Amino acid sequence: SFEAYLYELGANSISDISGGDLLRMLLYQTVTNVAAYTDDLSDGQVITTASGNNITILKEDDGTVNIADHTPTPGGVVDANITVDNGVIHVTNKVLLSDPTVVQLLANTKNLRKFYEALEDADLIDMLAGEGPFTVFAPIDWAVSNALKM
């Protein structure tokens with residue numbers, strides 16, 4: 001599942017991921033101030049993660065637990081209720097993904113590559129990887145190409 005996360009970010013290895021993106025991903029996997037065992041979870045329950053983003057619990061009648069993130073495919077709990085000294089761990093088959101950042105979306109949208117490359121050339125990626133909020137009017141590739149012809 002970590003390979004899928006790398007692919008989603010357009011990265012080949014963990015060293016290709018910015019510290020901010022990695023921190024957001026790690027915080028999105030974590031819920032604080034509660035040790036929630038599967039018996040405590042209910043279908044449709046919305047839980048706020050340590051990143052401030054929400055996940056939704058999808059619980060089957062047989063007790064199977066899946067977790068809906070921002071992507072079309074939920075993650076499944078494959079080993080549940082591992083009790084540790086300070087909480088509980090549920091092993092999943094997917095890295096849960098929150099809504100992408102401006103940089104993640106621009107980097108991984110095929111028809112916005114030229115705009116993203118221009119941001120890289122102008123050294124604006126780090127700024128847009130910050131907290132924001134940002135509003136970006138991102139021209140598609142053919143618009144950038146046409147503007148460069150002028």
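**Why these names apply**

Trainee: I see that N33 is found in the loop between α2 (19-28) and β1 (46-48). How do you know which runs are helices and which are strands?

Mentor: Helices are DSSP runs of H or I with at least four residues, strands are runs of E with at least two, and both are numbered from the N terminus. Keep in mind that this is a predicted model, where local features need pLDDT of at least 70, side-chain atom pairs count only at pLDDT 80 or more, and totals for chains, interfaces and linings use all residues. Residues are numbered from 1 along each chain as its sequence is written, and side-chain values use heavy atoms, with hydrogens and water left out.

Trainee: Why does N33 count as exposed?

Mentor: Relative accessible area over 50% is exposed, under 20% is buried, and in between is partly exposed (1.4 Å probe, protein chains only). N33 has 81% relative accessibility, so it counts as exposed. Its phi is near 65 degrees, a positive value in a residue other than glycine.

Trainee: What makes D123 count as exposed?

Mentor: Its relative accessibility is 68%, so D123 counts as exposed too. D123 is found in the loop between α4 (113-121) and α5 (125-128), and its phi, also positive, is near 55 degrees.

Trainee: And why does A4 count as exposed?

Mentor: A4, in helix α1 (residues 2-9), has 52% relative accessibility, so it counts as exposed. Its C-alpha is 7.8 Å from that of V95, although A4 and V95 are 91 residues apart in sequence.

Trainee: How many bridges join β4 to β5?

Mentor: There are 5 between β4 (residues 75-84) and β5 (residues 87-92), which run antiparallel. Two strands pair if DSSP finds at least two bridges between them, so β4 and β5 pair. V84 has G87 as its bridge partner in β5, and a hairpin joins β4 to β5 through 2 residues.

Trainee: What makes an open set of grid points a pocket?

Mentor: On a 1 Å grid over the protein atoms alone, a pocket has protein on both sides within 12 Å along at least five of seven lines, and a lining residue has an atom within 4 Å of a point. The largest pocket has a volume of about 600 Å³, the volume being the space filled by probe spheres set on the points.

Trainee: Which residues lie nearest the centre of the largest pocket?

Mentor: They are Q29, T30, V31, V88 and H90, out of 26 that line the largest pocket. β5 gives the most to this lining, with 5 residues.

Conventions: On a 1 Å grid over the protein atoms alone, a cavity is a set of points where a 1.4 Å probe fits but cannot get out, and a pocket is an open set with protein on both sides within 12 Å along at least five of seven lines; lining residues have an atom within 4 Å of a point.
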